[in-house]
Amino acid sequence: MSEQTQNLMQQLRKVTHQPTMLMARHHPGHFGHPGHRGPGRLLHLISQHDGMTNAEIAEALDIRPSSVSAGLKQLEENAVIERRPAENDKRVSTVHLTATGKEMVTNMAAMRDTMSEKVFTHLTVTEQAELQNLLEKVQQGFSELDPEDPEFSQLRTQMHPFGEHGPHHHHHGMK
């Protein structure tokens, strides 16, 4: 890597390792966060597609039906969603946001809006558009990396010498 690209990677690492970013990445799916796992992800999907069945949710999120049921149970216990018999088949239930769920989704959106405004307040509208364009190009570069390439594997090892989550992370099972 050139000194310039090393500096860029270091800056990117600093941004992605900000405490708020780490919280979002390491605690996904909690209420109020539409992370990659858990009830937050379910809540996000249901807020966009009210009235889905368990099977439709499982397919949309590409997760096991048992995981959907467990997540929905948690949301239901917290009065965030409710299940109702489907109109066309009473043996199937559809999932709907409650008033509490709708309020939670609204609050999540407001918090995301506030955070994005605070984070990007130091950039002009033009700079924000330029950053968006540049980040899309960086993402394109990442998407073109071949995980099977030995050079990529070596780079990943250098970036995470103790594994993806640090020296104290224990892997259970295969990835």
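**Close-up views of a predicted model**

**View 1. Phe-142 is partly exposed, with a relative accessible area of 38%.** Let's start with this one side chain in the predicted model. Phe-142 belongs to helix 7. Together with Leu-135, Val-138 and Leu-145, Phe-142 forms a nonpolar patch on the surface. The accessible area of these four residues together is about 310 Å². Phe-142 can be part of such a patch because its 38% is over the 30% relative accessible area that patch residues need.

**View 2. Asp-146, Glu-148, Asp-149 and Glu-151 form a negative surface patch.** Take a look at Glu-148 here: this residue sits in the loop between helix 7 (125-143) and helix 8 (150-159). Glu-148 is exposed, and its relative accessible area is 68%.

**View 3. The largest nonpolar core brings together 17 residues.** If you would like to find your way around inside, good places to begin are the residues with the most contacts in this core: Leu-42, Ile-46, Ile-57, Leu-72, Leu-75 and Ile-81. Two or more residues each come from helix 3 (38-48), helix 4 (54-61), helix 5 (65-77), strand 3 (93-97) and helix 6 (99-119). Helix 3 gives the most, with four residues.

**View 4. Eight helices and three strands make up the secondary structure of the protein chain.** To place the close-ups in context, follow the elements from the N terminus: they run α-α-α-β-α-α-β-β-α-α-α. Of the 175 residues in the protein chain, 18% are buried.

Methods:
Residues are numbered from 1 along each chain as its sequence is written. This is a predicted model: local features need pLDDT of at least 70, side-chain atom pairs count only at pLDDT 80 or more; totals for chains, interfaces and linings use all residues. Side-chain values use heavy atoms; hydrogens and water are left out. Patches are made of residues with over 30% relative accessible area and no salt bridge: like charges are joined within 9 Å, nonpolar side chains (Val, Leu, Ile, Met, Phe, Trp, Tyr) within 5 Å. Accessible areas come from the Shrake-Rupley method with a 1.4 Å probe; for residues, only the protein chains shown count as cover. A salt bridge is a side-chain nitrogen of Lys or Arg within 4 Å of a carboxyl oxygen of Asp or Glu. Lys and Arg count as positive and Asp and Glu as negative; His and the chain ends are not counted. The place of a charge is taken as NZ of Lys, CZ of Arg, CG of Asp or CD of Glu. Buried means under 20% relative accessible area, exposed over 50%, partly exposed in between (1.4 Å probe, protein chains only). A nonpolar core is a set of buried Ala, Val, Leu, Ile, Met, Phe, Trp, Tyr and Cys residues joined through side-chain atoms within 4.5 Å.
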